[in-house]
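Visitor: I'm new to this structure and would like to learn how to read it. Could you walk me through it?

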Amino acid sequence: MSDFILEATNISKRFGGLVAVKEASISVKRGDIVGLIGPNGAGKTTFFNMLSGFMPADTGEIFFKGKKINGMRPSNICKLGMTRTFQIVKPFPELTVLENVMIGAFNTTSSTTDAKKIAMEVLNLVGYASYADMSAGSLTVAGRKRVEVAKALATKPELMLLDEVLAGLTPTEMWSMIDVLGKVRDQGVTVLIVEHVMAVIMNLCDQVFVLNYGEKIAEGTPAEVSENPKVLEAYLGDDYGKPASGAN
Amino acid sequence: MLTVYLQALISGLLIGGVFSLIAVGLTLTFGVMKIKNFAHGDFLIVGMYFAFFCHLLLGIDPYLSALLGIPLFFGLGWIIQNYLINPVLSAPETIKILITVGISLCLQNIAVFLFSPDFQRVQVEYGTATFDLFGASVSITRLIATSIAVFIVVALYIFLMKTSIGRAIRACAEERDGALAVGVNVDRIYLIALGIATSCVCIAGALMTPFYTISPTVGVSFTLTAFVVVVLGGLGNLKGALVGGFIIGVVESFGEILMPEAALKQVATFAIFILILLFRPNGLFGTKLA
Amino acid sequence: MLSVKNITSGYGDVQVLNEISFEVNPGSIMTIIGSNGAGKTTTIRTLAGLNKTWSGSISFEGRDIHMLKPHERVASGIVMVPEGRKLFPSLTVEENLQLGAFHPEAQKRMEETTEEVLELFPRVRERLGQVAGTLSGGEQQMVAISRGLMARPKLLMLDEPSLGLAPIIVQQIFELIAEVCRRGTTVLLVEQNVQKSLSVSDYAVVMENGVLTLSGTGAELAGNDEVKKAYLGL
Amino acid sequence: MGRSVGFAIYGVIGLICIGLPFFAESDVVVAVMPPGLSGSTLLHIGILIFLFGYLATSWNVLGGFCGQLSLGHAAFFAIGAYTSSLLYIHFGLTPWVGMLAGAAVAAVVGYGLGYVSFKYGLKGPFFALVTIAFAEILRLLMLYWDFTGGPLGLLIPLTEDSWSDMQFMAKEPYYYMAFGLMIFGILATAKIGSSRFGYYLRAIRESEEAAEALGIHSMRNKMHAAAISAAMTALGGTFYAQYTQYIVPDDVVKIALSIEIILFAVIGGSGLVMGPVVGAFILVPIGEMTRVIFSTAATGVSFVALVNSDIPAVEKFAKYLDYLASGGGGGLALLLYGAILIFVCLVMPRGVLPALKSLQSWGKKS
């Protein structure tokens, strides 16, 4: 088996006239936390949707654990060991936090008792066990994101795709979530994370890919990427660093 | 034999306009409020009984009462939108459907309670008048009904295209947030839209009275027919509803002669309906309003 | 001109804004910068009345407006150009502009306003008869701003006008925004594109996770390392 | 605490239901009943409550747990009724086996209907429309086909009281069968609800995408739900055929029946095990009482005759008011149902049972 748990080569997605992702390639090494960054509208979520089977890729191939997964439905990809979270979190609002996580846990067991046990373990791991009986619809943004991660984790994945699990959190909430992600890695789960909050990427990731206008513009360690002029330009505007002209 | 088909074609076209008028109201509700109004056909009986009583008590011709009733029909839609539908617009889809089912049950059974489930007829002297066209007979009342219906659909189309309120209605259908941003009072537009929608159906009901029996339960099958037309023509598409009405009219009247029994004509319609929902959910003409 | 005091707001029962206060001075361009999910769009939607103000107050030209409905706010002179433009895609550009002048006061002066707006946006004039959905992203943004101006606003609020546009178009859009302000319309801008927006702003605030963290003139913030940190986490 | 109170209430009501036939004819019960109601009507109402409670419970598997709004469940009811009846009439097959055959046919049809609908991504109102259209097609075909007896329907040949033929002169056996059916429905949905399958259905209802991401094959599970729900509904159809011993398409496949089934589930609280039953217990008595009280309408003035009579307008109007006071042309029961449905949608969209529960917890807090 190769070192890479996930390999996508030259995948593209086009919506009408708009090319959302253009021949982008990515390879994720087993055990790493890998970041996928880029400004708003860069095509990150579309990229995620293709990797996780929610959208067919127009071109290119996607291999997970050496198996080609193009065209497989998301539930089957999940059964293989890859799961995802959603940028716009999708809790099951009428169910309790515990039940939400149990639904993930049923991926590996059919017994309700076992699912409950797995769910409680996961909730303890993400530090949310005390909220188990609350309905998921009544949680704050931070709570929902935690449940989102817990649900995914409960499927016992080998690779997790996390779509902006930190956006919209207060700094305290953010650091505690980063802590959770560290624990997830310690469990041996590989993580591919889309994020706007750069601090996370810098602190957490082993490898970073940068998308802009649907194309991969850089890859490397966080330090390498943050020095890359193309990345600075994409994030801050093309004349960043020059003295501001001001409005007057 | 050819005459039979010609007759079927003509009969289909003659009811098609009425189908169009009914469907236009539904498609408007659909396009603007995103409401799937399962009570739509039941408003038909409001127009029918209105025409029936105008004729019975005051001797008013059904075509005149179709006109006189407009404020009532419009007001009814306005009130229902304001008190029953606007409050649930942000509720889950199921609730939005069920409230219209509730409205349908109420309308039907108010009519049963007030007017009994018995069939009624409006007897006008020209009711059975026909003329001959290439050997097929053309019913005058159906011809008038379809002509007026098409006239109203076209007038509504012009209203939506050319007036400021019409533009606002289309704007709400396309992009609610955009309409709010430019200062359109969206809630009010919704009241107007349902007012127009119910008016269309009620007028269709009144127009049908000279050749159609009136009973509290006739609405249900027209709700289904209207959905068939709307889905065929494209959800929220006015032109689609106009054309779709005629297509379904013709399909039903051919179904009547081609199916082993006339009562099975709707089997053909519903079968087409299911096929379109499955294979061409955007209908024949796409989904845009107007 | 616009004075926002301690407003909180959000979606459903999820709070996004946490006691935001700021002021916009007449004749200026004020910018709120911040990363995705910081609450910028919620701020604009709350000011426009699309989201309820949960607490706090918004006053515009000395009048409390947080209880007004969206269309009443438009009539009082606050107009929003929403994120993602929210044009009416199957209507023509001309119809989009006409809808911009929907409230009665604006409707009366529609012809005059149209001329003024088209003079500012010659590209839009070329596209008047075209269906809005078929325009390029940059043209759509111009139409969206023109549509906003058709209401003759005193305060124009722009939500991420640079979103999804190529750099050269972004440059043009910001120049046009500066021109709009020069011609007498106060502008409140919400942006992710830090450098471009700061370069046209008189004053700016940084928003993070629903609170305002930094403020200063455009030039001050443009050179600020804190801003760089908020964006790149360096 | 709240839970045990709930169980106690259900237990007491259950015991009353079991005991009802023994005191339905007693003087006390007769004395408190509205005029026109006999002990036998009381049992009839009981049977309807149980039957509709059961049907709504069956619908709940697909409509409530899984959130797929079927507006055509009468089709499965009819399949159950006709399958067992035809097998009985032509082959003398006992309805006990016939009902399983009906359930099997309905399951296959439900599975097929689910397959085509879900494969093409039909949701919400569009799925609802397909189910209505399907039920209407079935009704029209049943009116036409010879083997279903056309509009005249099927008359089940009478025998003497016989458990094997599921036929009785008295109401009591039907009463207990209906009760058993309802209990079966409750137990079955409770079992489903607490199983992995039940969790999957609720997950699909709340977000199909999120469910897929967690490894749930949404299409397959939805189809299973459709098949189970259809099969359960069909069992109710067989019971109905045996109880009335006469079935016609316009009774068993009408849209109104589909709507009533949903009504009880939604008003009681769809997606909850006891919701549909609670709905039936509240609504069926209201509906039936209304029907009994205003049944004089049939013997009163005919609306058509009144309208066409030559008496002076004032007198006509007075007579019309009398006519309305005696129940008019009927329809009051369904009118009430409609009004209650609207009320529930506006005020307690999750149904009566959740509203009662939150009232209880609110009472505890204050």
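Guide: Sure. Let's begin with the elements: helices and strands are DSSP runs, numbered from the N terminus, with at least four residues for a helix and at least two for a strand. Keep in mind that this is a predicted model.

Visitor: How many helices and strands does chain B have?

Guide: Chain B has 12 helices and 2 strands. Reading from the N terminus, you meet α-α-α-α-α-β-β-α-α-α-α-α-α-α.

Visitor: What does the radius of gyration say about chain B?

Guide: The idea is to set it against a rule for globules, 2.2 Å times the number of residues to the power 0.38. For 290 residues, a compact globule would come out near 19 Å, and chain B has 19 Å, so the two agree. You can also look along the principal axes, where the C-alpha trace of chain B spans about 60 × 45 × 35 Å.

Visitor: And how much of chain B is buried?

Guide: Here a cut-off helps: buried means under 20% relative accessible area. In chain B, buried residues make up 61% of the 290. As for the accessible surface of chain B, it comes to about 10100 Å², and carbon and sulfur atoms hold 69% of that.

Visitor: Which contacts in chain B link residues far apart in sequence?

Guide: Take the contacts with a separation of 6 or more: in chain B, 79% of them are between residues 24 or more positions apart.

Visitor: Where do the charges of chain B sit relative to each other?

Guide: Compare their mean positions. Chain B has 14 positive and 13 negative charges, and the two means are 12 Å apart.

Visitor: Now to chain D. How do I check the span of a helix such as α10?

Guide: Go from the first C-alpha to the last and compare with 1.5 Å a residue. Helix α10 of chain D, residues 218–244, reaches 39 Å with its 27 residues, close to the 39 Å expected. Of those 27 residues, 23 are buried, so α10(D) is largely enclosed by the rest of the structure. Just after α10(D), D:Gln245 takes a positive phi of about 60°.

Visitor: What about α6 of chain D?

Guide: Helix α6(D), residues 124–144, should span 30 Å with its 21 residues, and its end C-alpha atoms are 31 Å apart, which agrees. Since 16 of the 21 residues are buried, α6(D) is also largely enclosed by the rest of the structure.

Visitor: Which chains share the most contacts?

Guide: Chains B and D do, out of 4 pairs of chains in contact. Chains A and B do not touch, with their nearest C-alpha atoms 12 Å apart. No contact joins chains C and D either, and their closest C-alpha atoms lie 16 Å apart.

Note on methods
Residues numbered from 1 in each chain as written. Chains lettered and ligands numbered in written order. Predicted model: local features only at pLDDT ≥ 70, side-chain atom pairs only at ≥ 80, totals over all residues. Heavy atoms only, no water. Buried < 20%, exposed > 50% of the residue type's maximum accessible area, 1.4 Å probe, protein only. Contact = heavy atoms within 4.5 Å. Areas by Shrake-Rupley, 256 points an atom, 1.4 Å probe, with all protein chains shown as cover. Lys, Arg positive; Asp, Glu negative; His and termini not counted. Charge placed at Lys NZ, Arg CZ, Asp CG, Glu CD. Expected span 1.5 Å × (residues − 1).
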